[in-house]
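Work through these exercises with the sequence and the model side by side. Try each task before reading its solution.

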Amino acid sequence: KTVLEAKVQETQAAFDESSAAFRARKMTLADAAKEVIAAKATLADKEKNQRQGDAAHEEAREEKETLETALAQEFCRLRDGEIEGEEVKTAYDKLASLASKLGLEDSLITALPASMMKKPSERGSFDAMVVAQLE
(Lines give C-alpha, C1' and ligand atoms only; values in the text may rest on other atoms or scores of the structure.)
Protein backbone atom coordinates (compact mmCIF):
# COMPACT_ATOMS: atom_id res chain seq x y z
CA LYS A 1 0.00 0.00 0.00
CA THR A 2 2.80 2.46 0.75
CA VAL A 3 4.34 1.75 -2.62
CA LEU A 4 1.01 2.50 -4.32
CA GLU A 5 0.55 5.68 -2.29
CA ALA A 6 4.08 6.73 -3.20
CA LYS A 7 3.29 6.07 -6.88
CA VAL A 8 0.04 8.06 -6.56
CA GLN A 9 1.93 10.98 -5.00
CA GLU A 10 4.66 10.70 -7.65
CA THR A 11 2.06 10.59 -10.42
CA GLN A 12 0.16 13.48 -8.85
CA ALA A 13 3.38 15.54 -8.64
CA ALA A 14 4.17 14.75 -12.30
CA PHE A 15 0.60 15.66 -13.25
CA ASP A 16 0.79 18.94 -11.32
CA GLU A 17 4.13 19.73 -12.96
CA SER A 18 2.75 18.89 -16.41
CA SER A 19 -0.38 20.95 -15.71
CA ALA A 20 1.75 23.93 -14.68
CA ALA A 21 3.88 23.54 -17.82
CA PHE A 22 0.70 23.24 -19.92
CA ARG A 23 -0.74 26.45 -18.40
CA ALA A 24 2.55 28.26 -19.02
CA ARG A 25 2.63 27.11 -22.64
CA LYS A 26 -1.04 28.00 -23.04
CA MET A 27 -0.28 31.54 -21.80
CA THR A 28 2.70 31.71 -24.18
CA LEU A 29 0.45 30.61 -27.04
CA ALA A 30 -2.17 33.21 -26.09
CA ASP A 31 0.50 35.93 -26.04
CA ALA A 32 1.82 34.75 -29.41
CA ALA A 33 -1.72 34.78 -30.83
CA LYS A 34 -2.17 38.38 -29.63
CA GLU A 35 1.11 39.32 -31.27
CA VAL A 36 0.03 37.67 -34.53
CA ILE A 37 -3.28 39.56 -34.45
CA ALA A 38 -1.45 42.83 -33.77
CA ALA A 39 1.05 42.07 -36.57
CA LYS A 40 -1.80 41.33 -38.99
CA ALA A 41 -3.46 44.63 -38.09
CA THR A 42 -0.17 46.47 -38.62
CA LEU A 43 0.31 44.68 -41.94
CA ALA A 44 -3.18 45.64 -43.08
CA ASP A 45 -2.48 49.26 -42.15
CA LYS A 46 0.86 49.24 -43.96
CA GLU A 47 -0.73 47.65 -47.04
CA LYS A 48 -3.42 50.35 -47.02
CA ASN A 49 -0.72 53.03 -46.80
CA GLN A 50 1.15 51.32 -49.64
CA ARG A 51 -1.96 51.31 -51.84
CA GLN A 52 -2.50 55.00 -51.10
CA GLY A 53 1.14 55.72 -51.86
CA ASP A 54 0.92 53.72 -55.07
CA ALA A 55 -2.18 55.66 -56.11
CA ALA A 56 -0.47 58.98 -55.37
CA HIS A 57 2.61 57.84 -57.26
CA GLU A 58 0.52 56.80 -60.26
CA GLU A 59 -1.29 60.14 -60.22
CA ALA A 60 2.04 62.01 -60.08
CA ARG A 61 3.44 59.84 -62.87
CA GLU A 62 0.42 60.58 -65.07
CA GLU A 63 0.68 64.30 -64.31
CA LYS A 64 4.39 64.23 -65.18
CA GLU A 65 3.62 62.43 -68.42
CA THR A 66 0.95 65.01 -69.28
CA LEU A 67 3.36 67.86 -68.58
CA GLU A 68 6.15 66.25 -70.59
CA THR A 69 3.79 65.70 -73.51
CA ALA A 70 2.58 69.30 -73.36
CA LEU A 71 6.15 70.56 -73.24
CA ALA A 72 7.18 68.32 -76.10
CA GLN A 73 4.20 69.25 -78.26
CA GLU A 74 2.34 72.49 -77.51
CA PHE A 75 5.24 74.35 -75.89
CA CYS A 76 7.73 73.47 -78.61
CA ARG A 77 5.27 74.36 -81.35
CA LEU A 78 4.53 77.73 -79.69
CA ARG A 79 8.18 78.42 -78.86
CA ASP A 80 9.33 77.68 -82.38
CA GLY A 81 6.39 79.46 -84.05
CA GLU A 82 5.33 76.36 -85.98
CA ILE A 83 1.60 77.11 -85.73
CA GLU A 84 -0.62 80.03 -86.63
CA GLY A 85 -4.10 81.39 -86.13
CA GLU A 86 -6.57 79.45 -84.05
CA GLU A 87 -4.05 76.67 -83.44
CA VAL A 88 -1.95 79.09 -81.41
CA LYS A 89 -4.85 79.79 -79.06
CA THR A 90 -5.71 76.09 -78.74
CA ALA A 91 -2.09 75.13 -78.03
CA TYR A 92 -1.69 77.97 -75.55
CA ASP A 93 -4.90 77.01 -73.73
CA LYS A 94 -3.57 73.49 -73.22
CA LEU A 95 -0.27 74.86 -72.00
CA ALA A 96 -1.90 77.45 -69.74
CA SER A 97 -4.01 74.86 -67.97
CA LEU A 98 -0.82 73.03 -67.05
CA ALA A 99 1.25 76.12 -66.22
CA SER A 100 -0.64 76.68 -62.98
CA LYS A 101 0.34 73.18 -61.83
CA LEU A 102 4.02 73.96 -62.29
CA GLY A 103 4.10 76.42 -59.40
CA LEU A 104 5.26 79.32 -61.54
CA GLU A 105 5.33 82.83 -60.19
CA ASP A 106 2.20 84.90 -60.79
CA SER A 107 4.13 87.48 -62.82
CA LEU A 108 5.39 84.77 -65.16
CA ILE A 109 1.90 83.31 -65.58
CA THR A 110 0.58 86.81 -66.34
CA ALA A 111 3.27 87.38 -68.99
CA LEU A 112 2.86 83.97 -70.64
CA PRO A 113 -0.07 84.67 -73.00
CA ALA A 114 1.53 87.68 -74.63
CA SER A 115 4.91 86.03 -74.94
CA MET A 116 3.89 82.57 -76.06
CA MET A 117 1.35 83.68 -78.65
CA LYS A 118 3.90 85.79 -80.53
CA LYS A 119 6.06 84.37 -83.29
CA PRO A 120 9.71 84.02 -82.26
CA SER A 121 10.72 86.84 -84.63
CA GLU A 122 8.22 89.20 -82.93
CA ARG A 123 9.37 88.49 -79.36
CA GLY A 124 11.41 91.04 -77.53
CA SER A 125 14.02 90.30 -74.87
CA PHE A 126 11.38 90.18 -72.13
CA ASP A 127 9.27 87.74 -74.13
CA ALA A 128 12.34 85.61 -74.80
CA MET A 129 13.11 85.59 -71.06
CA VAL A 130 9.52 84.51 -70.26
CA VAL A 131 9.73 81.66 -72.78
CA ALA A 132 13.12 80.61 -71.41
CA GLN A 133 11.80 80.61 -67.85
CA LEU A 134 8.88 78.40 -68.84
CA GLU A 135 11.23 76.08 -70.70
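**Exercise 1. A residue and its contacts**

Task: List what Leu78 touches, not counting residues up to four places away in sequence.

Solution. Start with the ground rules. This is a predicted model, in which local features need pLDDT of at least 70, side-chain atom pairs count only at pLDDT 80 or more, and totals for chains, interfaces and linings use all residues. Residues are numbered from 1 along each chain as its sequence is written, and side-chain values use heavy atoms, with hydrogens and water left out.

Now apply the contact rule: heavy atoms within 4.5 Å. Leu78 touches Ile83, Val88, Ala91, Tyr92 and Leu95. Met116, Lys118 and Arg123 complete its list.

**Exercise 2. The core**

Task: Find which members of the largest nonpolar core touch the most other members.

Solution. Define the set. A nonpolar core joins buried Ala, Val, Leu, Ile, Met, Phe, Trp, Tyr and Cys residues through side-chain atoms within 4.5 Å. Buried means under 20% relative accessible area, exposed means over 50%, and partly exposed lies in between (1.4 Å probe, protein chains only).

This core has 16 residues. Phe75, Leu78, Leu95, Leu104, Leu112, Met116 and Leu134 touch the most other members. Two or more residues each come from helix 1 (2-80), helix 2 (86-99), helix 3 (106-116) and helix 4 (125-134). Helix 2 gives the most, with 5 residues. Helices here are DSSP runs of H or I with at least four residues, and strands are E runs of at least two, numbered from the N terminus.

**Exercise 3. The faces of two helices**

Task: Locate the buried residues of helix 2 and helix 3 around each axis.

Solution. Check the length of helix 2 first. At 1.5 Å a residue, its 14 residues should span 20 Å, and the end C-alpha atoms are 20 Å apart, which agrees. The expected span is 1.5 Å times one less than the number of residues.

Next, list its buried residues: Val88, Ala91, Tyr92, Leu95, Leu98 and Ala99. Seen down the axis, they fall within an arc of 120°, so they line one face of helix 2. The arc is that of the directions from the helix axis to the C-beta atoms. The cover over these residues includes helix 1, helix 3 and helix 4.

Turn to helix 3. Its buried residues are Leu108, Ala111, Leu112, Ser115 and Met116. Their arc is only 135° around the axis, which puts them on the same side of helix 3. They pack against helix 1, helix 2 and helix 4. Asp106 and Thr110 are exposed on the other side.

**Exercise 4. Two acidic residues**

Task: Decide whether Glu59 is buried or exposed, then whether Asp127 is buried or exposed.

Solution. Glu59 is found in helix 1. Its relative accessible area is 54%, so Glu59 is exposed. Asp127 sits in helix 4. Its relative accessible area is 8%, so Asp127 is buried. Leaving aside neighbours within four places in sequence, Asp127 contacts Ser115, Lys118 and Glu122.

**Exercise 5. The overall form**

Task: Compare the radius of gyration of the chain with that of a compact globule of 135 residues.

Solution. Count elements: 4 helices and 0 strands. The globule would be near 14 Å, but the chain has 37 Å. The radius is taken over C-alpha atoms, and the globule rule is 2.2 Å times the number of residues to the power 0.38. The C-alpha trace spans about 120 × 25 × 15 Å along its principal axes. Buried residues make up 18% of the 135 residues.
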